[in-house]
Amino acid sequence: MTSTPKQFQQDQTMAKQDKHSHPRVASGRRGLPKSSSGTGLTIVIKLGTSSICDEITHFPLLSTLSLIVETILKLKAQGHRVVLVTSGAIGVGLRRLNLASKPKDLAQVQAIAAVGQGRLMSLYDDLFSQFNQPIAQILLTKNDLADRTQYLNACNTIDALLEMGVVPIVNENDTISVSEIRFGDNDTLSAITAGMIHADYLFLMTDVDCLYTDNPRTNPDAQPVMTVDDIATLKEKVSVASAGSSLGTGGMVTKLIAAELATAAGVTTVITRGSTPQNIFQIISQPIQHIGSASPKQDSSATTTTTAAMTNALGAATIASLPLHTRFLAKDNPMVDRKWWILHGLHAAGTIYIDQGAYKAITNASQKSSLFAAGIVDCKGTFVAQQSVRVVYRPRDYLKKDEQGQVVEEYGGPEEIELGKGLVNYASHEILRIKGCHSRQIIDRLGYADAECVIHRENLTRTKVIQP
C-alpha cells in the first residue's frame, strides 16, 4: 500500500504551471530571429573583465564600454530586450585601492569586489545616463536560485525590469560567494541568466574574434569555427586549452560550458570580440543554420562548420559581409523551465547509484521512466526529501564475468556516467534502507510509504538519452 504525498502533488501542479510561465515562440530553430517577423529579440550580452579593465593598469576601457552602451541602446531602439551580464568588480576594485594584482586570500578578494562593485555600477550609470537610460543592479549566487520560489522571483524581476524599459545589469555577488554557491565564472552566470529569461541570443564577448580549430597565435593553419551543432563532438576536435586573463576566471573552456548550458535551454550562443560590439547587428540579421557540410579536414558526420565550408555553402560575398564569430545553434527541443532549474539551478546534495536495468529505463528516450528503489544500488551524501541529487551509473560493475567471477569483457569507458539530476522523495538514510526493494515493500522497510518512486519522472532531468 502506497500513498501520494502532498508535496508531490504540489510539484506536479508547479510543473504544469512552469510550462506556461514563460511561453516560447514556436518559430522553428531558435537561431532564427523573431525580429524578421516584427517581434523583438531577448538578448543577453556577457562582458568579460578583459573587455572592461586593462589587464596591467586596471583602468577601465572607456572606449569599449561606450561602444557596448551605444550598442545596447541601438538594440533597444530596434525593439529588442537586452540584459547585460558583467564582470569587472575585482578589476575596478584593484584600481580604486591602487593594488597591482589580485591577492590569493579569499576574504581580501571579496573585500576588493565589494569596493569595485559600487564603482563599476557607478561607471555604467554614468555612461547610460548620458542617454537617459535607467539601469538596475542584480547580484546573484547559486544559493539564491536553489529555492524554487526565489528562482521564479528572480525570473519575474528581470522580466518586469525589461517590460519597464530598464537595462538589468547582472553580476555574481562576489562579496559573499563561497565555492559551494559560486557559479565559478560569469560565462556560466550569463548562460543561467539567458536560460532563466528564455533569451533568443547569448553573446559571450571576449578578446578574440571567435573559436578556432587551434590556437591561431601558434598555429597558422588554425581555422575559424563558424557554426557548431554538437558541442560534445566539437570538444573532441578543437583545442580550447587557453586560460583566462589574470583578472578574470574564465577562458575558452568556460565559454564552451556556457554554450552547452544555454543551447540546452533553447538559446543560440555566439562568441565574438568584445571591442567590436556593433557586430551584433550583423550577426542577428543573418540567421545561419547548420550548413550540413564540413571542412575538407573533417568527415561528413562532423557537426562544426569552418569558414571554408561556409564559403562553399553560402558564397564568398555572404561570408565576407559577416564578422568573424562562432555560433552555437540552439537545441530543437529545449528543456522546459522546471527541468532547467533542477539541472542548473540546484546544488546536488548527494549521489544515487543505479543498476543496469534502471540505466536502460532512464536513458530510453521513449520510456521517460521514474527512478524506483528497486533500481538503486547505493547512495552517497546526506540529504533530505526534495533535495537535488546526481543519478549515476557505474558500467564496470556490470561487465560480463566467467564462472569464477573474473571480468571477461573489455571496457575502456568512464568509471561513472552521470545520467542527470532529480528531486528525491526520500532522505538519504531512507534510501539506504529501501534500495533494491520493490515499491510495495517500502512500507515494510520504513513503516510508511511517502511515494512509490524515489524520483518521479517530472522531477528527473536527464542529460544522457539513448534513442530506441
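Author: Let's settle one term before we start: two residues are in contact when they have heavy atoms within 4.5 Å of each other. Keep in mind too that this is a predicted model.

Reader: Fine. How many helices and strands am I looking at in the chain?

Author: The chain has 17 helices and 15 strands. It runs to 468 residues, and 51% of them count as buried. If you take contacts between residues at least 6 apart in sequence, 77% join residues at least 24 apart.

Reader: Let's try one helix. What should helix α3 span, at 1.5 Å a residue?

Author: The expected span is 1.5 Å times one less than the number of residues. Helix α3 covers residues 62-77, 16 residues, so it should span 22 Å, and its end C-alpha atoms are indeed 22 Å apart.

Reader: Which residues of α3 are buried, and what do they pack against?

Author: Buried here means under 20% relative accessible area. In α3 that applies to Thr64, Leu65, Ile68, Val69, Thr71, Ile72, Leu73 and Leu75. Their packing partners are the strands β1 (42-47), β2 (81-86) and β4 (167-172), plus the helices α2 (49-52), α5 (106-129) and α11 (279-285). Just past α3, glycine 79 has a positive phi of about 95°.

Reader: And α4, why is it described as largely enclosed by the rest of the structure?

Author: Count its buried residues: helix α4 (residues 89-96) has eight residues and six of them are buried, so the rest of the structure largely encloses it. Those six are Ala89, Ile90, Gly91, Val92, Gly93 and Leu94, and they pack against α5 and β4. Right after α4, asparagine 98 takes a positive phi of about 55°.

Reader: Which other residues have a positive phi although they are not glycines?

Author: Two to look at are asparagine 132, at about 60°, and histidine 198, at about 55°. Asparagine 132 is in the loop between α5 and β3 (135-140), while histidine 198 is in the loop between α8 and β5 (201-206).

Reader: Is asparagine 132 buried or exposed, and is histidine 198 buried or exposed?

Author: Asparagine 132 is exposed, with a relative accessible area of 69%. Histidine 198 is buried, at 11%.

Reader: How do I read a pair of packed helices?

Author: You give the angle between their axes and the distance between the axes. Take α8 (residues 186-196) and α10 (residues 252-264): the axes come within 8 Å and cross at roughly 10°. That makes the two helices roughly parallel, since angles under 35 degrees count that way.

Reader: Which residues meet there?

Author: From α8 you have Asp187, Thr188, Ala191 and Ile192; from α10, Thr254, Lys255, Ala258, Leu261 and Ala262. By type, the residues of this contact are five nonpolar, two polar and two charged. Have a look at lysine 255 in α10: it is buried, with a relative accessible area of 7%. Leaving aside neighbours within four places in sequence, lysine 255 touches Asp187, Leu204, Thr206 and Ile271.

Reader: Last one: which residues of the largest nonpolar core touch the most other members?

Author: A nonpolar core joins buried nonpolar residues through side-chain atoms within 4.5 Å. The largest has 47 residues, and Val44, Tyr151, Met196, Leu202, Leu234 and Phe328 touch the most other members. Helix α7 (residues 148-163) supplies the largest share, seven residues. Apart from that core lies another, of 32 residues, including Leu41, Ile72, Val167 and Ile284. You've met Ile72 already, as one of the buried residues of α3.

Definitions and conventions:
Residues are numbered from 1 along each chain as its sequence is written. This is a predicted model: local features need pLDDT of at least 70, side-chain atom pairs count only at pLDDT 80 or more; totals for chains, interfaces and linings use all residues. Side-chain values use heavy atoms; hydrogens and water are left out. Helices (H or I, at least four residues) and strands (E, at least two) are DSSP runs, numbered from the N terminus. Buried means under 20% relative accessible area, exposed over 50%, partly exposed in between (1.4 Å probe, protein chains only). Axes are lines fitted to C-alpha atoms, for helices over the stretch in contact, and angles run from 0 to 180 degrees between N-to-C directions. Angles under 35 degrees count as roughly parallel, over 145 as roughly antiparallel, 65 to 115 as roughly perpendicular and the rest as oblique. Ala, Val, Leu, Ile, Met, Phe, Trp, Tyr, Cys and Pro count as nonpolar, Asp, Glu, Lys and Arg as charged, and the others, Gly among them, as polar.
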